[in-house]
Structures are given as structure tokens and as C-alpha cells.
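Visitor: I am new to this structure, and I would like a close look at a single part of it. Could you take me to one place where two helices meet, and then show me what else is worth seeing from there?

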Amino acid sequence: MDVKYLVSQMTLEEKASLLSGGDFWHTKAVQRLGIRPVMVSDGPHGLRKQRQEADHLGVNESIKAVCFPTACATAASFDPALTREMGEALGDACQHESVAVLLGPGVNIKRSPLCGRNFEYFSEDPFLAGEMAASLIEGVQSRGIGTSLKHYLANNQEHRRMSSSSDMDPRTLREIYMPAFEKAVKRGKPWTVMCSYNRVNGEYVNESRFLLTDVLRGEWGFDGYVMSDWGAVSDRVRGVHAGMDLEMPASGGVNDRRVVEAVRSGALDEREVDLAVERILTVNERYFQNAKPQTPWDMEKQHAQARRMAAECMVLLKNEDDALPLTPGASVAVIGAFAATPRFQGGGSSHINSFKVESLLDALQGVPNVTYAQGYTLEGDGHDEALLEEAVRAARAAQTAVIVAGLPDAYESEGYDRTHLRMPEGQNELIRRVSQANPNTVVVLYNGSPVEMPWLGGVKAVVEAYLGGQAVGGATRDILWGDVNPCGRLPETFPLRLEDTPCFLTYGGEGDHAPYSEGLFVGYRYYDKKRMEVLFPFGYGLSYTRFAYANLRLSAASIRDTDALEVSVEVTNTGNRKGKEVVQLYVADRESSALRPLRELKGMAKVELAPGETREVRFTLDHRAFAYWSEELGDWYVESGAFGIQIGRSSRDIALEAEVEVTGTKTLPAHFTMNSIFIDLMKNEKARMELKPLIDAVAQTLGGPREDGEAAQSAITNDMMQAMINYMPLRGLVNFGGGLSHEALEDILRRINDPDAPGACAR
């Protein structure tokens, strides 16, 4: 297909028509030119292809498919290779069903555990989210199927999601909410990007030329097309100008006509319409060139994959007295409605119509000495006394009680946010009573986001299984009985209380404005900086074996920010079981003029080791590992100084640390005024040369510190005098500098600020 030639042969009306969907799931056709429609379909952890037109929330049933672990679970694997493999399987399913674009992955940051859609997102950390998303995209697209990276940008709440404005400063936007999208675009190269419903700093994303053209295409090199989330378009004409190419779903021709009218009136350049059409047709043609509808889709094989992946994602949070793994043949009371009817995915547009579901009880068929009690109902918040008593009896008669609990469907879903972090009170009461009846109580959690655990001290072990897909029951069995050694790590912090969360005071916003007043301090960046107690920290997870770290090495003791730093560390399995360890690399800026987190994740590696085996793990850090976003520079900036290279088991458990001196090669622009204070002025070499004699005169005038270290007046100590001078503005020299005039100070300022003068102002 010669896309440019085709566009040149179209009428304006035909071009405008291609900028919106033909129905809920297809692009439009232009039959006279041989332009065929393609189908897009919801994901991102399975194929949700609907059999006929329907709303995207699933009024009509979708085809039978395989539900893999959701993003909240796969992120806990800390293993991009796992999401790559999952993407390949999803791509095969799409080829089999002639679906051109799978709508996902979702990489929005988990700003608060309350977000109702957190189960679809990876992490509170942009590095982890970006790594996992890029690999999923690579996997899907390796099969000749496109992805739609979503929801761009700052869609971090469901409350008022179609009208709310995510209001934040540029550093927060660049350092927290953009990097996962940036990495996914640059490395994964998604065919499409889906823009979100919300506004950012007052402007709808679908109308933001800054976000869609300047950043996404200009800075990051995105070369696909941007589609709207379903119903996200506000002003269609402004959207075309901004770079929002495809409106989904169909608009019934209403917005197509608006585009035509805008071009004819001169309000919109027809070349922008042409460009949008070219992008859409180029991606569609890419699919047709790679279409292989004969691709086999072995659902049973993918079910086995889903089971293996779900086990890789489970996080062992507690294992007192080595309560797990369970001993084969020992009597076990399995308790909880979720053991029979597992919750394995979230509600809304990502809901997969699984061809089969494997519960824990299904996986335990034929296993001796296993009993079952329901324990609670899935309706309501209260408890059923008869079910509780039955569960307690079963627990007392067994060596170990395994309670499968978590959050019901109604607690977290697309479309609305959670209001608290509690599990249903009936489940909490069940755990309390069973753990009193049997000291060997194990809790398995099926949930899409953090929960409070008021019963934690009374149970022996806790497994966080998240929403592990249709094979979660089999994977749960594999973890509990030790067929798989748990190796998941928390991709988010579990706080003690909702009130402890960084955005507790502002989450959800006021009216249609949501102030991101916590700024950079999202998740562990906040808790660690405050040294605040948490339930479980970011990156945390236990194993049935143990690992030791040694021989942390850096390729250099000092580098320039244009150099790469190579980091290596040795990991040894010191236990008696084969297992996988997640090695986490954090970078800590020792001293910065900008406000920065205590440490930030900048590298991760998952390594499998046999008992006694040692392996070297390597990382490469570029300048972004040390940089922060400078609003003054409008770019990433590395401030010269010492940085800690930390190898940890979590953000709170740093095992080894080394230090590197990094020299920044960029300088920040600075412009001093009469109101600039001396503590800032004296950081600049040229200003120091100009002002040192004048500062000495101020000290003499105020009777402050002299070179002999003595103060002229005992009432003013050296420290007091230094502080007084540090915080005095330059204009203070008129009063205390020996009769200097404003004109003389202005002349000094001109020399300091002259960018062409030797030693020009920079810091």
C-alpha cells in the first residue's frame, strides 16, 4: 500500500471519516480505494474479543479466551522476560482471531492504593512499570500484532476520570508519571498509544499538543498513531491539531463533519488531517502484511503457561517457623469461598471470559488429608456464624489451616475507586477465629491492591497472590506445597493505614481538580524519606531458601555523566532449595540542591540459583540513573557529587553499598537579582570573586567573625554571623556594605550575570 498516494486520492470527507471508528471495535473502510478495516480488542492480560457490537464494559459476552495474571501480579515477578513471554502468547491469540491491536498494557503509576483500576497497572515505581511494559509490548508485537500503550497520561484515579485534572509540577510529571511511558515507547515501540480521559494541568490530554506531539513524538520518537480511550474525545478539531489521530468508538459522523467544516473554514490545516490518516493506514497495513489467521491457539498450553507465571508472581510476605511449604501428607483444612471460586481478575473493560478456571480445590483433587470449609460468603461485609463455626472445627482437626481470602469483585473495579483498605470484616473475623483455633494458620490473598492486615501477628504465614489469572488455584497449590519456590516481590508499598499514604489529604481532588501535592514522593519514595513504618516495603518478598550478596564492584570510582557505569555483584544461594532471587539496584544522591528521594530503583535482575551456586549479576547505569528533571534547563540534569550504588532485597533492606563520584557536564542557567541571597550567590565562582571583599566588609560592619576567629561583640557568635550573612539579600550591601550605592550593585550584577564574560554565571 502506498499510503501517501492513497491519501492524495481521497476526498476530504473520506479522510475525515477515517479519523473515527466504524463501530465499537473496528476502524473504517473506504471501499472504492480498497482500504480495509481492522479490529482492535481489549486486553491486556488476555484477549477480550466481543462477538458483536457492544459497549466496552461488556454488555455482550466476549469469546472464550485465556486469562493470564493481571499487571498487579506480573509486576510482582520483577521479571520482564515473563511479560515478554505472556505478550507472545497474547499475540498468537490475536493472530488466530484476526485482531490487529491489543489494547494495553496499562502503565499508569499507582499513586494511591485506592485507585479502582490498580490491578491493571504495574507499579508505584516508573522504572519497574516501564521495564515490564516494554517487554510485554515487544512480546505481542513480535507476533505481528500491535499494542496500545495506555492510559497516556496521569490517569491515576477512577473518580471523575472523564473530567478531573491531574495537576502537578513539571518535575513530578517528568520523573514519576512520564518515564514508564517513555521507556515503553522508546524500547517497546508500540504501534499505537491510547490517550486518557482526564486533563493534565487543566488541558484534556486528547487536546494537548505538548503531550501528544512535542513530547510523545518529538522527544520520544513515537511513530504510530494515537487513539482515544473510548469516549475520551472532547473537542475533536483541537484533538486533530494536537496529534490525536483516531477517535474511538464511532461518533456517528458527528465529529467527522466537524473536522471537514474546520478545514473548509481554515480553522484546521488539511495537512494535519492527512498526517493523521497516514499514521492510521500505515499501522493498519503493518498488520495486514503480518496477518496469519491460521496461527494456532492452544488454550490448554496457555493455561499451563498462566499457572507457571502466576506462581512466579506470588509474594511470600511472612513465613514464621518455616510454616511453608506444607508437608505432603499432613492434614490441611482449606478454608474460604475463594478457594472454591477464586477471584483472579478485575472488573471492567479488561474482564476476560476464561475458557476454564482452576481453583485451589480443583488443584487439590485427589490429594489426601485435605478438608474444606467455606468460611464466608462473597456477598456483604458481615460474617455468617454457622460458616465461622464450621471453619473453626475444620481448623482444629487439621495440622495446618489455609485460609484463602481477599477482596471481592465489588471492592475494586474500573469506573470507581476504593474508599478504604480493609478486607470484608467477615473475612477478617474468620482469620482471627481460625488462627486462635489453630496456631499453624496460613493466609493466601487474592486482591488487586494493598489491604490492611489487622490479624498479621496471629498467623504463621501470608502469601500475596494478587489477581493471578485463571490458573491461580493451581499456582497457589504449587507455592503452598513447595513445588515452586516463591520469588515474587512487592511492586508497591503496603502501608499500615490509609492515612499514612502520601496523597491521603488530596487523593480524588476537590471538584474537577486533583492536586498532586505529594510531588515526587509517591510510594516508597515517600515512606523511605520519612523513615515511616510500613506493613511491607516496596521490593519485599521471602523465599524458601536464602541468598547472600558479596563483591559489589563498580567499573570506576568517578565518571562523567556522559559515561556509563558498570556494576556487578555476586549472589549465592546459601540455602538447601533451588530458588530465584530478585537483585534490586538503587541509586542514592548523597547531597543535592534539589529535593530528591532517599533512593530510587534503577536496576533489577532475576537470577535462578541451585543450593550453593554463585552467580555474578551485572547492571549498566547511564546518566538518567543519576539525573533529575531541571525546570530551569528544560532537560535532565546531573548535579556533580557522590552517589550511593545500593544493592538491596527491598527498598528497606540494603545489603551492599558502594559510592561513585559523578561529574555533571551540563550547567544550569542562573540569573541573580538584588533579592538573591548570599548562600546562593556564593555557590557561583564568579559571584564569589566579585562579592568576597564586600562580605568581609559586612562582617566588620556588623562586628561579626574576623580572620582571627574572634567576634567583636560577644553577643554575636561566628555561627550567628555566618547565618545572618548567608540569608541576607544582595541589596543588604547598601545598608551594611560600607556605603555601596544601588548603581554600584547593579554594575556588579551585570558582571556576574554576563553570560559571555569569563567565568560566566552557572551552577
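Guide: Happily! Let us start with a crossing: helix α4 and helix α5 cross in a right-handed sense. Please keep in mind that this is a predicted model. Two packed helices are described by the angle between their axes and the distance between the axes. For α4, which covers residues 80-96, and α5, which covers residues 126-141, the angle is about 30° and the axes are 6 Å apart.

Now look at who makes the contact. From α4 come Pro 80, Thr 83, Arg 84, Met 86, Gly 87, Glu 88, Leu 90 and Gly 91. From α5 come Glu 131, Met 132, Ser 135, Leu 136, Glu 138, Gly 139 and Val 140. Sorted by class, this contact has six nonpolar, five polar and four charged residues.

From α5 you can step into a loop. Pro 105 sits in the loop between β2 (101-103) and α5, and the peptide bond that leads from Gly 104 to Pro 105 is cis, with omega near 5°. A second cis bond joins Met 248 to Pro 249, with omega near -5°. Pro 249 is also a loop residue, placed between α9 (236-242) and α10 (254-265). Most residues other than glycine have a negative phi, and most peptide bonds are trans. With that in mind, look at Asn 201 too: its phi is near 50°, a positive value in a residue other than glycine.

Asn 201 belongs to the loop between β6 (199-200) and β7, and those two strands bring us to a sheet. Four strands form this open sheet, in the order β7-β6-β4-β15, and the pairing is mixed. Its edge strands are β7 (203-204) and β15 (513-515), each pairing on one side only. Between β4 (residues 165-167) and β15 there are three bridges, and the two strands run parallel. To find one spot along this pair, look for Asp 167, which stands opposite Pro 515 in β15.

Another open sheet is made of five strands, in the order β17-β25-β24-β19-β20, again with mixed pairing. Here the edge strands are β17 (558-560) and β20 (600-609), and each pairs on one side only. Ignoring direction, neighbouring strands of this sheet are turned by 30° against each other on average. Within the sheet, β19 (residues 579-589) and β24 (residues 641-650) pair in the antiparallel sense over six bridges. Leu 585 has Ile 647 in β24 as its bridge partner.

Next, some empty space. Rolling a probe the size of a water molecule over the atoms shows where empty space is left. The structure holds five cavities of 30 Å³ or more, and the largest cavity contains about 90 Å³ of space. Its lining is made up of 13 residues, and Lys 110, Ser 112, Pro 113, Glu 124 and Thr 493 are the ones nearest its centre. By class, five of the lining residues are nonpolar, four are polar and four are charged.

One last stop is Met 299, a residue of helix α12 (residues 299-313). Leaving aside residues up to four places away in sequence, Met 299 touches Lys 64, Ala 65, Val 66 and Phe 355. For a sense of distance, compare Leu 498: the C-alpha atoms of Met 299 and Leu 498 are separated by 40 Å, and the two residues are 199 residues apart along the chain.

Conventions: Residues numbered from 1 in each chain as written. Predicted model: local features only at pLDDT ≥ 70, side-chain atom pairs only at ≥ 80, totals over all residues. Heavy atoms only, no water. Pairing = 2+ DSSP bridges. Axes fitted to C-alpha atoms, helices over the stretch in contact; angles between N-to-C directions. Left-handed = near helix turned anticlockwise from the far one by under 90°. Contact = heavy atoms within 4.5 Å. Nonpolar A, V, L, I, M, F, W, Y, C, P; charged D, E, K, R; others polar. 1 Å grid on protein atoms, 1.4 Å probe; cavity = no way out; pocket = protein on both sides within 12 Å on 5 of 7 lines; lining within 4 Å. Points joined across faces, edges and corners; volume = space filled by probe spheres on them.
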